[in-house]
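Okay, thanks everyone, let's get going. I'll put the structure up and then walk you through a few pieces of it.

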Amino acid sequence: MTSPAQDTTWQALAAHRTELGERHLNALFAADPARATRMQAEACGLFLDYSKNRVTDDTLALLFRLAREAGLAERTAAMFGGERINATEGRAVLHTALRQPAGAVVTVDGRDVVADVVAVRERIRHFSDAVRSGAWRGHSGKPITDVVNIGIGGSDLGPLMACEALKPYAQPGLRLHFVSNVDGVQIDDVLKAVDAETTLFIVASKTFTTQETLTNAHTARAWLIGRAGSEAAVARHFVAVSTNAEAVSRFGIDTANMFGFWDWVGGRYSLWSAIGLPIVLQIGAARFDALLAGAHAMDEHFRSAPLEHNLPVIMALLGIWNIDFLDAPTQVIAPYHQRLHRLPAYLQQLDMESNGKSVKLDGSPVGCQTSPVIWGEPGINGQHAYFQMLHQGTRFAPIDFIGVLEHPAHLAHHHRVAFANMVAQAEALMRGKSAAEVEAEMRAAGLAEDRVRALVPHRVFPGNRPSNTLLLERLDPFGLGALIALYEHRTFVQGVVWGVNSFDQWGVELGKQLAARVLDDLAGEADANPHDASTAALIERYRRGARASGH
């Protein structure tokens with residue numbers, strides 16, 4: 001495979017970038033009154049305004065040509081068709097099958113996987129109904145009041161993000177907690193806040209060997225047994241999302257309460273599977289179905305809409321333009337809705353674990369920039385923190401502004417203030433403020449001329465900073481499902497154009513392997529494994545501290 005940068009269309013884009021130069025967005029808008037109307041797209045309850053990107057019609061035409069020449073249509077068909085597009089692991093990639101409606105057919109190795117998905121979905125429905133209704137009882141006969149999800153990575157970030165976003169639909173009297181950090185502090189805090197008689201633990205680990213998850217799970221198990229006085233209590237207070245029935249049973253969990261998924265479900269794409277059990281417990285099976293329906297609607301839009309009107313494709317190609325041609329090293333996610341406060345962290349894993357690659361599918365160097373650093377938090381908070389850099393820093397960062405139109409009537413003023421800030425920030429980043437405007441403003445305020453001259457450089461905003469504005473009609477299960485699927489497909493499209501495998505994550509493995517060796521040495525009197533001088537010194541410092549504290 002050749003590098004994308006060697007492609008003739010890529011080279012045409014590079015030449016176009018040189019020709020475009022630093023042409024300001026203000027000039028682009030002034031020259032094209034219909035720009036905002038033309039550069040928008042809408043589907044599945046989502047509206048995208050991408051007119052504040054540093055692109056012209058010629059830019060977009062070249063980007064769409066790039067996607068076609070990269071074989072996007074063929075790769076999309078291969079993914080939805082169950083082909084093993086995760087070549088390094090020999091797996092299909094079928095998170096889209098998880099949200100297919102009952103009766104649809106997707107075949108992998110001659111087996112209809114949708115039928116399997118629906119069967120697991122029904123088991124989850126029956127279990128969640130029992131917990132939510134109070135029919136499921138703990139070891140002492142009391143109903144469940146607290147659910148603790150123990151997982152990490154995709155087994156934590158997706159369910160946590162969705163549960164935070166959908167809190168208004170939560171079951172009254174049922175509290176959700178999430179534990180991922182293995183440092184002990186998080187699980188300790190959660191266990192102090194719950195009652196052993198009324199707490200249900202979900203251990204989410206496909207292999208049931210994940211070190212961080214199993215460490216926390218065994219701590220929770222010991223805590224429960226210590227209070228219940230019997231290991232038999234484990235079966236009433238623990239369920240598993242896993243495929244390792246033997247290990248689950250050995251832990252003490254009844255395998256009737258083990259919910260499985262498949263090797264064609266990547267962790268960061270898994271909230272639609274049994275990994276979404278905490279979501280189902282919080283909002284109920286019917287609303288979880290609506291979450292799936294929103295994602296499925298976006299799947300169908302992505303599969304069928306022309307590239308020029310395709311939300312995931314447009315966002316993906318604009319991202320490639322910003323990353324590879326405008327040299328943007330990062331991408332900001334700025335939701336202007338507090339319930340989406342975990343979305344940036346979720347998208348960090350989705351994007352950076354998927355496309356943070358330096359080689360193509362054939363193992364050759366990719367030859368261009370791939371995944372940017374994804375970061376951000378609720379935009380209102382960001383305005384009083386990192387937005388200073390976005391407006392006047394030496395490096396620009398494209399921004400996805402995300403807003404929600406529907407709001408409770410009693411919060412109308414709050415919503416108006418937040419929405420005004422979101423729109424104003426996008427406008428300010430685009431427009432900037434010239435030296436002439438700054439001078440006129442200060443003179444009108446009565447500042448002395450020497451003060452005006454001194455302050456002008458500090459109060460000029462260059463503008464020309466690109467952004468997307470993405471609006472949801474409402475933040476409900478359907479809308480959230482569509483939003484997440486939009487970003488999933490955006491990530492896929494970028495991976496196709498760059499020629500990387502977006503569905504493996506070998507970069508996660510080396511640290512895990514070395515951690516096992518370091519763990520052995522931390523517990524010993526001397527190193528049993530070779531280490532560099534720095535690592536060996538850190539291990540010895542830990543051992544000295546442990547000896548001094550008597551551990």
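I'll talk about a sheet, the helices on it, and then a helix pair.

Quick reminder before we start: this is a predicted model.

So, the sheet. It's an open one with six strands, and reading across you get E1-E2-E13-E12-E10-E11, with mixed pairing. Which strands stand at the edges? Those are E1, residues 40-43, and E11, residues 373-375; each has a single partner strand, so one side of each is left without a neighbour in the sheet. If you ignore direction, neighbouring strands here are turned by 15 degrees against each other on average.

Now zoom in on E10, which covers residues 330-335. E10 and E11 run parallel, and three bridges join them. At residue level, Thr330 sits opposite Val373 in E11, and Val332 has Trp375 of E11 as its bridge partner.

Is E10 buried or exposed? Six of its six residues are buried, so the strand is largely enclosed by the rest of the structure. Buried here is under 20% relative accessible area. Looking at the side each residue points to, Thr330, Val332 and Ala334 go one way, while Gln331, Ile333 and Pro335 go the other way, and all of them are buried.

Okay, what packs on this sheet? Helix H18, residues 412-431, does, touching E12 (399-404) and E13 (467-472). The direction of H18 makes about 155 degrees with that of E12. Then there's helix H21, residues 477-498, also packing on the sheet, and H21 touches E2 (46-49), E10, E12 and E13. For H21 the angle is about 150 degrees, taken against the direction of E13.

Last bit, the helix pair. That's H1, residues 8-20, with H4, residues 57-69: they pack at about 160 degrees, and their axes are 9 Å apart. Anything over 145 degrees counts as roughly antiparallel, and H1 and H4 are therefore roughly antiparallel to each other. Their crossing is left-handed.

Who meets whom? From H1 we have Thr9, Trp10, Ala12, Leu13 and His16, and they meet Asp58, Thr59, Leu62, Leu63, Arg65, Leu66 and Glu69 in H4. Sort the residues of that contact by type and you get six nonpolar, three polar and three charged.

That's it from me, happy to take questions.

Definitions and conventions
Residues are numbered from 1 along each chain as its sequence is written. This is a predicted model: local features need pLDDT of at least 70, side-chain atom pairs count only at pLDDT 80 or more; totals for chains, interfaces and linings use all residues. Side-chain values use heavy atoms; hydrogens and water are left out. Two strands pair if DSSP finds at least two bridges between them. Helices (H or I, at least four residues) and strands (E, at least two) are DSSP runs, numbered from the N terminus. Axes are lines fitted to C-alpha atoms, for helices over the stretch in contact, and angles run from 0 to 180 degrees between N-to-C directions. Contact means heavy atoms within 4.5 Å. Angles under 35 degrees count as roughly parallel, over 145 as roughly antiparallel, 65 to 115 as roughly perpendicular and the rest as oblique. A crossing is left-handed if the near helix is turned anticlockwise from the far one by less than a right angle, and right-handed if clockwise. Ala, Val, Leu, Ile, Met, Phe, Trp, Tyr, Cys and Pro count as nonpolar, Asp, Glu, Lys and Arg as charged, and the others, Gly among them, as polar. Buried means under 20% relative accessible area, exposed over 50%, partly exposed in between (1.4 Å probe, protein chains only).
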